[in-house]
Amino acid sequence: MSIFIITGISGSGKSVALHALEDAGFECVDNLPINLLTTLIDQLAPDKDYKIAIAIDARRGVSVQNLPAIIDRAKGLHEIHTIFLNASTEALVKRFSETRRRHPLSLNKLNHSVQSLEDAIDQERSLMAGVSENAHQIDTSNISSNTLRSWLLELVHEKKSDITVLFESFGFKNGVPHDADIVFDARCIPNPYYENALKHLTGNDQAVIDFLLLSEDFNKMFEDIHAFVKYWLPKYQKDGRSYLTVAVGCTGGQHRSVALVNKLYEAFKNNPEFADLASLKRHRDIVAIALNSV
């Protein structure tokens, strides 16, 4: 069976994610209690071609902390992917305020009191800390619903591999992505933004690429990041990682980081040495529209 566990912080986009997988042909289950996960998997096991997406959150409290152990036991029999959605507290507060929905943990079950939205978010982050460790993390703070759907479909259709490496560009002015495992700062490279002919282009455009390739710093940074990831990747893989996100940032996430990520992605994708590697790329801030309807 192909099983996608959709989890993360409330308000970060789990409903959008579940609907995207439903459209991709998955059978979907929302808000499944943790103690029913093993039962559900066992019931569906005879149908080996089954594709299922299951959304799980922390609304039932500490039981969510059992999720990693349940997933580890099931991985020996099924193909399981865990996707952890996250967002900044500021973005979450804005979304709950706009939708006027109550946070699932707003009622403190320990003393039956109502707690503030910020306190509920903090409590949920604490409960979910162990769940996010070996999951593919997506920071939805500054992306649209359509972008999230697109990224999820990429994950669904990625080739099977022991580890997936995601190269992600971003702008420091919008914050470092929550899903980043390794972060590189490209702000020291000459900035195409200050060239009038390049200001309104991105690192996807050939004119910007040609400008950056003339920079010794750009080429040296590419070589250094490539060498770093190439050396450490097998060690992350040996450590049991399923996903590794390498984030490269510049000021606005439009030019330098985009070009570097594209070049890194192509270098690993087309290298026979990494033929068994699943690699993805994304550009977070080329389209920086808030995901407000989650």
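**Entry 1: H3**

Before listing anything for helix H3, I need the cut-off: buried means under 20% relative accessible area, and exposed means over 50%. I am working on a predicted model.

With that in hand, I looked up helix H3 (residues 67-75), and its buried residues are Leu67, Ile70, Ile71 and Ala74. Viewed down the axis of H3, these buried residues fall within an arc of 100°, so they line one face of the helix. The spacing fits the general rule: an α-helix has 3.6 residues a turn, so residues three or four places apart point the same way. On the face turned away from the buried side of H3, I found the exposed residues Asp72 and Arg73. What do the buried residues of H3 pack against? I get strand E1 (2-8), helix H2 (37-44) and strand E4 (79-86).

**Entry 2: H2**

I went on to H2, where the buried residues are Leu37, Ile41 and Leu44. Down the axis of H2 they fall within an arc of 70°, so they line one face of the helix. The face of H2 turned away from its buried side carries Asp42 and Gln43, which are exposed. I noted E1, E3 and H3 as the elements that the buried residues of H2 pack against.

**Entry 3: confidence**

I checked how far to trust the coordinates. Mean pLDDT for the protein is 86, with 92% of the residues at 70 or more. Residues 288-294 are another matter, with pLDDT below 50; in the model this stretch still has 30 contacts beyond near neighbours in sequence. I am not interpreting those contacts, because predicted coordinates should not be read in detail where pLDDT is low.

**Entry 4: the five-stranded sheet**

In what order do the five strands of the open sheet come? I read E2-E3-E1-E4-E7, with parallel pairing. Strand E2 (27-29) and strand E7 (136-139) are the edge strands, each pairing on one side only. Ignoring direction, neighbouring strands of this sheet are turned by 20° against each other on average.

I took a closer look at E1 and E4, which run parallel and are joined by seven bridges. Phe4 stands opposite His81 in E4. I also noted helix H6 (residues 145-156), which lies across E1, E4 and E7 and runs at about 165° to E7.

**Entry 5: cores**

The largest nonpolar core has 30 residues, and those touching the most other members are Ile3, Ile5, Leu37, Ile54, Ile56, Val64 and Leu67. At least two residues of this core come from each of E1, H2, strand E3 (51-55), H3, E4, helix H4 (89-99) and helix H5 (117-128). There is a second, separate core of 27 residues, which includes Phe184, Ile189, Ile225 and Val246.

I then listed the contacts of Ile56. Not counting residues up to four places away in sequence, Ile56 touches Ile5, Ile6, Thr7, Gly8, Lys14, Leu32, Ile34, Leu37, Val64 and Leu67.

**Entry 6: E9 and E10**

Which residues are on the covered face of strand E9 (residues 182-185), and which on the uncovered one? Ile182 and Phe184 are covered, while Val183 and Asp185 are on the uncovered face. Phe184 turned up earlier as one of the residues of the second core. E9 pairs with strand E10 (residues 243-250) in the parallel sense, over four bridges. For Asp185, the bridge partner in E10 is Gly249.

**Entry 7: Lys281**

I picked out Lys281, which lies in strand E11 (residues 278-283). Lys281 has a relative accessible area of 29%, so I count it as partly exposed. Outside its neighbours within four places in sequence, Lys281 is in contact with Glu154, Leu166, Phe167, Val261, Asn262 and Tyr265. I also looked up the distance to Val246: the two residues are 35 apart in sequence, and their C-alpha atoms are 9.4 Å apart.

**Entry 8: positive phi**

Most residues other than glycine have a negative phi, and I wrote down two that do not. Asn31 has phi near 55° and lies in the loop between E2 and H2. Its relative accessibility is 27%, so Asn31 counts as partly exposed. Arg100 has phi near 60° and is found in the loop between H4 and strand E5 (107-108). At 78% relative accessibility, Arg100 counts as exposed.

How values were computed:
Residues numbered from 1 in each chain as written. Predicted model: local features only at pLDDT ≥ 70, side-chain atom pairs only at ≥ 80, totals over all residues. Heavy atoms only, no water. Buried < 20%, exposed > 50% of the residue type's maximum accessible area, 1.4 Å probe, protein only. Pairing = 2+ DSSP bridges. pLDDT = per-residue confidence, 0-100. Contact = heavy atoms within 4.5 Å. Arc of directions from axis to C-beta. Core = buried A, V, L, I, M, F, W, Y, C linked by side-chain atoms within 4.5 Å. Axes fitted to C-alpha atoms, helices over the stretch in contact; angles between N-to-C directions.
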